[in-house]
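Here's a quick tour of one model, meant to be read with the coordinates open beside you. We'll start with charged pairs, move on to a strand, and finish at a pocket.

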Amino acid sequence: MTASAARQVVISGAGIAGLTAALALAAKGFKVTVFEKAARLSEVGAGLQLAPNATRLLDRLRVLDRLMPRAVAPDALYLQDGTGGKTLLRMGLRDAAETRWNAPYIVCHRADLQAALTAAVREHPGISLRLGSNVVSHEARDDATTVRIDAGDRIEEHRGALLLGCDGVWSARRAAVEHDRSATFTGHIAWRASLAAEDLPQAFQALLPEANSVSAWLGRGVHFIVYPVKAGNVFNFVAITKGRDPGREWSSRGNSIALAAAFSGWHPAIHAVINAAAEQWTFWPLFQIDRPRFMLNRRVVLLGDAAHAMTPFAAQGAAMAIEDACALAAALTGDEADWPAALARFDQERLARVAAVARRGNLNRFAYHAVGPLALGRNMLLRSCSPERFLADLDWLYGYDGTRFA
Ligand SMILES: Cc1cc2nc3c(=O)[nH]c(=O)nc-3n(C[C@H](O)[C@H](O)[C@H](O)COP(=O)(O)OP(=O)(O)OC[C@H]3O[C@@H](n4cnc5c(N)ncnc54)[C@H](O)[C@@H]3O)c2cc1C
């Protein structure tokens, strides 16, 4: 293979992982083609949290500046008692993020992050973004990978030195190797809705401790997250409940009566929000990958949800996709002879990192959904501990630089 052909990378999926990988690799001189099956990148989805471990990487890629006008840097994180409505913990976020972790903690709409990444991708001469292009198969050889693309009216073939499977939790690239047994339903559903700031019910406005904040309302087997997006003009709500496996479909219309039943006994102000957004609730079954895997073989690497979809309890889904992408680009040089060792280092580092983050998510779930004496103990602990201790407990997560190991 010639030197220039060796620097061609093919990416399946223009989600958060695929677009970030394209930018990070192009910044190192690789030529990148991104194939996305959707004909257009639409406003589907809702809010995302981006902690400093993600924003410091977006900043280096010059995406953060594009995103900030549409994002919000919350002043604080609140943990609230979902039934009584009382504050259990207030942790200052905005200043702590800048001083302690040297990067902002932000919340935004997923579509705004995707739009900021896409704008940067479109401006980069080394990246070609092809929408309406479904990657239907791949064949990895010793020297390259060939992908087949269904472009609607024709089938195309493209070659790259590397194929990155950034095609999400139900990754077809992963399924082609693992025969579709990888993602399992977690038993949880994320319900998402948003309301314009002026449409927030009065009762909820009165209960919300601070408008410019992330608040997590905790209760028996369920929790409810609230934060502003769209420069503070819209409030994003995520309700996590138990539920049955509805199949592999995202963003279908949810039944707000069932949602209200799952929050029975909760504070009336939360019910006021559930009712106010009644027509809007969408329903997202949460799947996870039990055995994270990056390397399908030496020519095909999975990134983001395709590699390690995890539950959202640590709010790190998008951040892990961004870390994966930047870590891979940091590891790779233009000299293919270095790749086996570089990819092995990348694989080892990222497997350890995503395992630690998934463990943190499991701990959060346990604490958020506790019942009876466990819930009382949790509430006492949250009320008595200093916020400083909670911040220090997050240093390993938010202070991490995904490119340092390379
Ligand atoms: C439409 C959408 C909306 C979302 N909204 C939210 C949200 O509101 N909040 C939240 O926390 N998380 C949301 N997520 C999930 C979140 O983006 C991911 O958990 C996280 O950001 C990791 O991103 P990813 O790039 O690995 O996967 P994803 O963001 O899922 O991106 C995968 C991309 O690959 C494309 N793709 C799939 N198969 C193929 C194929 N065969 N060929 C070409 N392209 C393919 C998909 O169309 C998609 O664009 C959403 C995902 C999607 C796809």
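A salt bridge here is a side-chain nitrogen of Lys or Arg within 4 Å of a carboxyl oxygen of Asp or Glu. Keep in mind that this is a predicted model. With that cut-off, a search of the whole structure turns up 20 salt bridges. In general, side chains of opposite charge can pair when their charged atoms come close.

Here are three of the pairs, with their N to O distances.

| Basic partner | Acidic partner | N to O distance |
|---|---|---|
| Arg 141 | Glu 139 | 3.0 Å |
| Arg 154 | Glu 156 | 2.8 Å |
| Arg 174 | Glu 178 | 3.1 Å |

How do these sit relative to solvent? Glu 139 counts as partly exposed because its relative accessibility is 43%, and Arg 141 is partly exposed as well, at 48%. The next pair is split: Arg 154 has 41% relative accessibility and so is partly exposed, while Glu 156 is buried at 15%. Arg 174 and Glu 178 are both buried. These two lie in helix 7 (residues 172–178), four residues apart, or about one turn of the helix. Elsewhere, salt bridges with shared partners tie Arg 130, Asp 153, Arg 154 and Glu 156 into one network.

Now for the strand. Strand 1 (residues 8–12) is mostly covered, with five of its five residues buried. As a rule, side chains in a regular strand alternate between the two faces of the sheet. Which residues of strand 1 are covered on each side? Gln 8, Val 10 and Ser 12 are buried on one side, and Val 9 and Ile 11 are buried on the other.

Strand 1 has parallel neighbours. It pairs with strand 2 (residues 31–35) over five bridges, and Gln 8 has Lys 31 as its bridge partner there. Strand 1 is also joined to strand 11 (residues 162–165) by four bridges, again in parallel, with Leu 162 as the bridge partner of Val 9. Put helix 2 (residues 16–27) together with strand 1 and strand 2, and you get a right-handed β-α-β unit.

Last stop, the second largest pocket. Its volume is about 180 Å³, and twelve residues line it. Nearest the centre are Gly 45, Ala 46, Ala 193, Ser 194 and Gln 280. Strand 12 (183–196) and strand 17 (282–289) each supply at least two lining residues, and strand 12 gives the largest share, three residues. By class, the lining has four nonpolar, six polar and two charged residues.

Definitions and conventions
Residues are numbered from 1 along each chain as its sequence is written. This is a predicted model: local features need pLDDT of at least 70, side-chain atom pairs count only at pLDDT 80 or more; totals for chains, interfaces and linings use all residues. Side-chain values use heavy atoms; hydrogens and water are left out. On a 1 Å grid over the protein atoms alone, a cavity is a set of points where a 1.4 Å probe fits but cannot get out, and a pocket is an open set with protein on both sides within 12 Å along at least five of seven lines; lining residues have an atom within 4 Å of a point. Grid points are joined across faces, edges and corners, and a volume is the space filled by probe spheres set on the points. Ala, Val, Leu, Ile, Met, Phe, Trp, Tyr, Cys and Pro count as nonpolar, Asp, Glu, Lys and Arg as charged, and the others, Gly among them, as polar. Buried means under 20% relative accessible area, exposed over 50%, partly exposed in between (1.4 Å probe, protein chains only). Two strands pair if DSSP finds at least two bridges between them. A crossover is right-handed if, with the strands pointing away from the viewer, the path from the first strand over the helix to the second runs clockwise.
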